[in-house]
Structures are given as C-alpha cells and as structure tokens.
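Q: I'm new to this one, so please pick a single small part, take a close look at it, and then walk me outwards to the rest.

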Amino acid sequence: MADERVTRELLLGEGSGGSQNLYVNMGPAHPAMHGIIRIFAELDGETVVKADVEIGYLHRGFEKDCEAHVYGNAIPYTDRLNYVSPLINNFGYASAVEKLLGIDVTERCKYIRVIMSEISRICDHLTCVGASAMELGAFTVFLYMIKAREFLWELVEDVTGARLTISYGRIGGVKADLPAGFDLKVKRAFAETRQVLEEVHRLITGNRIFMDRMVGVGAMTREDTIAWGITGPLLRASGVPFDVRKTQPYWAYDRMDFEVAVGKNGDNFDRYLVRMAEMEQSMRIAEQGLDGIPGGAIQVDWEGRAIDPDTYVDRGKQGKTEGLLFVPIKLSPNLQGQDRGAHARLDVPDKRVVLPSKEAAYGSIEGLMNHFMLVMEGYGVRPPAGEAYFPVEGANGELGFYVVSDGSDRPYRVRCRPPCLPPVAALPRMIEGQMIADVIPTFGSVNMIGGELDR
Amino acid sequence: MDGQAILARIVERFGGGVLDTHAYRGDHTAIVDRSTVESALTLSRDDAALRFDMLMDLTAVDYLRYPGREDGPRFDVVYHLYSVEHNHRVRIKVPVEQDDPWVPTASGIWPIANWLEREVWDMYGIRFEGHPDLRRLLMYEEFVGHPLRKDYPINRRQPLIGPKV
C-alpha cells in the first residue's frame with residue numbers, strides 16, 4: 001500500500017507535494033549528442049525549466065602541452081581542436097606566431113590558406129547541417145551531405161596527405177604546394193557539392209516537419225547573442241553581419257568578392273539558412289582563389305633531367321652532395337609539392353622560421369644544419385618577447401590564438417579562444433522554457449565540437 | 001577609432017587606474033589596476049565612442065618564470081574586447097598578486113564572463129569576487145591544484161575518480 005502511494009507520488013505527482021519537477025540527465029554519452037557533454041535539465045512536464053551544462057570531458061591540456069614544446073610542435077595539436085575543419089586551426093595558430101615574429105607570408109601561401117580554409121569550412125557546415133537534420137529524422141540529408149563531405153575530404157587528402165589530422169600549416173608557410181590538376185578536382189567536387197545542396201534545399205528548406213522543429217526554436221536576440229560573446233553563424237543568424245573575413249580581413253580575403261549571409265530571427269532555422277548560404281559563398285571564395293592564385297598555374301611539374309628520389313636521398317646520405325642541390329628530381333623525396341621550387345614560392349625566405357625543403361635537408365649540409373637548427377631543443381623559432389592575438393573566422397565563429405613569448409623557443413602561453421564555447425555557455429538560455437525535444441535541434445545548431453570546447 | 005585613440009580615451013577617463021599602455025604588433029593594450037578594472041570594463045562597454053559590447057576572450061597568464069618579471073605580480077588577467085558597432089579591439093590586462101589572487105567579476109557586464117571566469121579559476125586559481133557560481137569548468141571537482149600554473153608539473157598524475165570496478 002505504501003509502495004503504491006510512493007509510486008503515485010513520484011510518477012503522477014499526486015499527494016502532498018503536488019506536481020514535481022523531473023530531473024533528466026542528457027549525456028555525457030547520449031546518442032543525439034555529437035560530443036561528450038552533459039545537460040542536466042529540470043523538466044516540468046515536457047518543458048525545460050532550468051538547465052545546467054557541464055563540459056570538460058574531452059579536456060586534454062592543449063594549452064599546457066603547447067607550453068612544453070617548441071613553437072612548431074603545436075601544429076599537430078591544433079589539428080585536434082576543431083577536428084572537422086582542422087586546416088583553419090593550423091593556419092590560425094601559424095598566423096598568430098607569424099604576427100608575433102613580425103613576418104608576412106608569401107602571396108601564394110595566403111591564397112592556399114584561403115582556399116583550404118574555405119574547403120574546411122564547407123566540410124564543417126556540411127557535418128553540422130547534416131547531423132542536425134538527421135536528428136530530426138532526415139536521414140537522407142545526412143547521407144547526401146556526408147557524401148559531399150567525402151568529395152571535399154578527398155581534396156584535403158590530395159593536398160595534405162591526410163583527411164583529419166592534416167598538420168598542413170607551417171609557421172611561415174604551408175607544408176606543400178597544391179598538387180597538379182587541383183583546380184579541376186576542385187571544380188568537380190564543387191559541382192557535386194552544389195548538386196547536394198540543391199537537393200537538400202528541395203528536401204528540407206520549406207519542409208513542414210523540418211520547419212516546425214526549427215522555426216522559432218532556440219532563438220536568441222541580437223543583443224543577447226552579442227552579450228554572450230557568440231560569433232560565427234549563430235551571430236549572423238541573429239542579424240549581425242560580423243565576419244572576421246570581412247571586418248578585419250586577413251590573408252587574401254580583402255581581394256575576394258563574397259557576401260556575408262545574415263539571418264533575421266536568430267532561431268535554428270535562420271542558423272540553418274546562414275550555414276547553407278555560407279557554403280555557397282565559401283565555394284565562390286575558393287574558386288576565386290584558384291583563379292587568382294599567383295606564382296603560376298598549379299599544374300607545374302618539374303621538367304628536364306630527373307633522377308630517382310631514392311637515389312637522391314641515398315647520395316645525400318653518403319655525403320655525395322656536391323651539386324646535388326641543383327639536380328632536378330622527378331618527384332620530391334617525400335611528398336608531392338614538397339620540392340625546392342614549391343618551397344621558394346610558398347614559404348617566407350627567413351631561414352630562422354621555416355623548415356627547409358626535403359631536398360635541401362637531404363642534399364646539402366647547409367640544408368641539414370638549417371633543419372637541425374629549427375628542430376633541436378633550445379634553437380628553433382624564437383619570437384622576441386611579447387604577445388599577440390590573431391583572430392580568424394573559424395567555421396563556428398571567431399577562432400583566436402593569443403600567444404605570449406618570453407623570447408625562448410617555446411611559447412610561454414598559448415591561449416585558444418574556442419568559437420563554440422560561448423554558444424555552449426548560452427545553451428541553457430536557448431533551451432530553457434522550451435520543450436525537451438527542442439534541445440536536440442538547438443544543440444545541433446550550436447555545432448559543439450568537443451575538441452575545441454574542452455581543449 | 002584606432003588603437004591609440006582607444007587607449008587615450010581609457011587613460012583620459014581613468015588616469016590613475018591605468019598603470020601602463022602599450023602597442024605591440026598592432027595590438028593595443030591597457031594595463032589597469034585591480035581596483036579600477038570593474039568600472040573600466042563597464043565604461044568600455046557603455047561609452048559611446050568605445051562601445052565594447054563583446055567580451056571576445058578572458059584568460060590569464062602566469063608570469064612566474066617570465067624573465068624580467070620575477071618580482072612583479074605573478075598573474076595577469078587578460079580581457080580581449082571587441083566592438084561590433086565600431087569594429088575595433090583592445091586588450092585590457094590586470095596584474096594580480098600571488099598571495100591575494102582575485103579580481104572583481106565581469107559576469108554582470110557580459111554574461112559570457114561567467115564561464116570564462118570559471119575556466120580561469122579552474123586553470124589558475126584566480127578567484128572572481130562576486131561571481132555567482134565559481135565552480136571548475138573543465139576539470140572535475142575532486143581535482144587538486146590549478147593545472148595551467150607554471151609550478152604545476154605537466155606530468156603530475158591525480159587519482160582516478162569514479163566508481164570502482
């Protein structure tokens with residue numbers, strides 16, 4: 001009898017207490033959470049009354065690790081910040097250190113950074129929109145978008161040699177030149193992506209079920225969004241045309257013709273529209289970049305008498321380096337695009353900053369010494385003591401690196417301003433007062449990336 | 001407004017509270033005394049010419065082993081401000097002593113400061129007076145110490161928590 005009373009009190013809210021609020025724990029490992037995060041929600045019926053968000057499950061001490069290594073060694077760590085668009089992190093960090101050093105990268109390198117950043121941004125938006133559509137039941141959209149992302153990741157793979165942990169950025173340049181025929185591949189991949197976007201538009205933009213779940217859900221006003229420090233698509237969706245690429249152009253963005261997509265209501269649907277529009281703009285930027293890239297066409301191959309790369313390396317190791325630096329080789333010893341010609345075009349000429357080409361490291365004592373001087377402890381890149389903050393437009397908003405140098409070869413302090421921390425901090429505000437089912441699309445539109453949120 | 005004008009405006013309003021200003025690599029910095037920082041931040045947000053409506057970033061630096069600052073205050077709390085309206089930036093730093101590590105909270109000025117201050121408390125052990133809910137953000141409650149302090153060894157291990165299996 002007593003049991004039944006307790007059951008009725010707990011489940012039906014009968015008895016002395018009247019109705020009770022229910023506490024629900026979403027996460028840390030929840031199927032609809034793309035990332036490890038815990039939302040502790042207090043429910044009144046189906047309405048979220050109060051919510052608390054707990055993060056940190058993916059904390060791995062990025063900032064502490066950076067302090068323990070030389071400047072260049074932080075590049076692979078930055079891959080793991082936003083692992084959906086790692087190229088932007090690479091370039092952002094490299095640019096912050098370049099700012100601290102007071103150097104400027106070559107024109108061709110700037111264009112490559114722009115092109116690869118935009119391809120990454122499309123990958124990120126595709127993942128975000130696809131995953132949040134899937135959580136609302138539009139599984140087809142997810143499959144289409146992942147298909148399109150696959151075409152783009154093939155481009156990334158072509159350029160960097162990897163799909164996710166790309167480590168392509170270098171302080172003072174990039175690792176390698178674009179491969180031969182890259183512009184044609186981009187054209188093909190973009191044609192596929194445009195078709196997918198077209199199909200997705202027809203499938204869900206204006207779809208009754210999708211609109212019902214998205215319109216007016218998770219909305220934040222313009223003033224609130226600014227006060228919460230939210231940048232990127234979420235800020236633009238609430239009507240603020242803030243885009244670091246436009247407001248404070250870096251690299252070659254001032255030469256690109258593109259529009260900043262702006263929404264009106266700041267709800268999930270506007271965020272979706274902004275992301276869809278941004279993908280098209282990113283493709284425009286990348287195409288303009290490929291058209292205008294200086295330093296000749298991309299399809300430049302080494303001509304003339306060529307020796308086998310293995311022979312080249314063998315000769316270098318045996319010390320037969322006389323004249324080797326001037327011998328053309330068919331392919332670079334390690335990676336396509338890593339050869340001398342590419343390095344001269346791409347990287348700043350400052351030998352104290354940029355790793356030499358592999359031919360130089362293998363083929364001449366000067367190159368080998370240069371390489372050693374950059375990777376040995378106590379040498380390497382040593383910016384003068386000071387501090388610098390460099391913001392770039394990441395896929396989720398402003399991605400800033402604040403680097404403090406004490407004049408040694410290790411950064412004294414590296415701070416990453418994670419673009420998805422402010423929206424996650426504001427998540428309780430977005431979901432409170434709404435239905436529990438609305439948590440899912442709102443959380444999807446926030447596009448939380450555990451790697452950069454928890455660092 | 002360009003950086004020099006922003007700094008001039010801040011100095012004009014808080015002559016005594018501004019300890020120093022400098023510009024390095026295009027970033028303009030004002031170093032502000034702890035007793036002034038709350039009003040300086042509020043003014044930066046509300047002043048029509050400054051209008052720093054966005055707290056872009058809030059972090060800290062531990063200068064324990066920084067050459068030339070061994071005797072100075074140990075920490076700096078660093079605010080990066082941005083104005084959407086005027087499209088300009090400034091950096092404000094507040095020196096904090098090791099023995100008395102606190103600064104007034106900015107969570108009443110910008111709500112995002114709530115989480116950013118929790119992170120700084122977590123990583124550096126700097127308290128934010130008046131903060132409504134100063135819990136750790138990234139580490140767990142049982143964690144001992146503040147990992148981004150320079151005297152916290154990078155390879156220190158802490159006992160695993162959670163249910164025993």
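A: Let's start at a hairpin in chain A: β2(A) and β3(A) form it with two residues between them, and G45(A) in the turn has a positive phi of about 65°. This is a predicted model, in which local features need pLDDT of at least 70, side-chain atom pairs count only at pLDDT 80 or more, and totals for chains, interfaces and linings use all residues. Residues are numbered from 1 along each chain as its sequence is written, while chains are lettered from A and ligands numbered from 1 in the order in which they are written.

The element names come from DSSP runs numbered from the N terminus: helices are H or I with at least four residues, strands are E with at least two. In our hairpin, β2 covers residues 38-44 of chain A and β3 covers residues 47-54, and seven bridges pair them in the antiparallel sense. (Two strands pair if DSSP finds at least two bridges between them.) One facing couple to look for is I39(A), with V53(A) opposite in β3(A).

How far can you trust what you see? pLDDT is the predictor's confidence in each residue, from 0 to 100. Chain A has a mean of 82, and 86% of its residues reach 70 or more. The stretch to be wary of is residues 296-306 of chain A, where pLDDT is below 50; beyond near neighbours in sequence, this stretch still has 17 contacts in the model. A contact here is two residues whose C-beta atoms, placed from the backbone, lie within 7 Å. Where pLDDT is low, the predicted coordinates should not be read in detail.

Further along chain A there's an open, antiparallel sheet of three strands, in the order β6-β7-β8. Its edge strands are β6 (386-394) and β8 (411-417) of chain A, each pairing on one side only. On average, neighbouring strands of this sheet are turned by 15° against each other, direction ignored. Nine bridges hold β6(A) to the antiparallel strand β7 of chain A, residues 397-405, and among the partners are two phenylalanines, F390(A) and F401(A) in β7(A). Helix α4 of chain A, residues 86-101, packs on this sheet, touching β6 and β7 of chain A, with its direction at about 150° to that of β6(A). For such angles, axes are lines fitted to C-alpha atoms, for helices over the stretch in contact, and the values run from 0 to 180 degrees between N-to-C directions.

Chain A also has a helix pair worth finding. Helix α5 (residues 107-135) and helix α19 (residues 439-446) of chain A pack at about 175°, axes 9 Å apart. That makes α5(A) roughly antiparallel to α19(A), because angles over 145 degrees count as roughly antiparallel, under 35 as roughly parallel, 65 to 115 as roughly perpendicular and the rest as oblique. Here A131(A), S132(A) and E135(A) of α5(A) meet I440(A), P441(A), G444(A) and S445(A) of α19(A).

Now hop over to chain B, which has three helices and seven strands. Five strands of chain B make an open, mixed sheet in the order β1-β2-β5-β4-β3. β1 (18-24) and β3 (54-62) of chain B are its edges, each pairing on one side only. β1(B) runs antiparallel to β2 of chain B (residues 27-32), joined by six bridges, with V18(B) opposite V32(B) in β2(B). Lying across β2, β4 (75-83) and β5 (88-96) of chain B is helix α2 of chain B, residues 34-46, at about 165° to β5(B).

Where do the chains meet? The contact takes 27 residues from chain B and 35 from chain A. On the side of chain B that touches chain A, β3(B) gives the most, with six residues. By class, that side has 18 nonpolar, four polar and five charged residues. (Ala, Val, Leu, Ile, Met, Phe, Trp, Tyr, Cys and Pro count as nonpolar, Asp, Glu, Lys and Arg as charged, and the others, Gly among them, as polar.)

One last stop is G130(B), in the segment after β7 (127-129) of chain B. With 14 C-beta neighbours inside 10 Å, G130(B) counts as partly exposed; buried means 20 or more other C-beta atoms, placed from the backbone, within 10 Å of a residue's own, exposed means 12 or fewer, and partly exposed is in between. Leaving aside neighbours within four places in sequence, G130(B) is in contact with P104(B) and T105(B).
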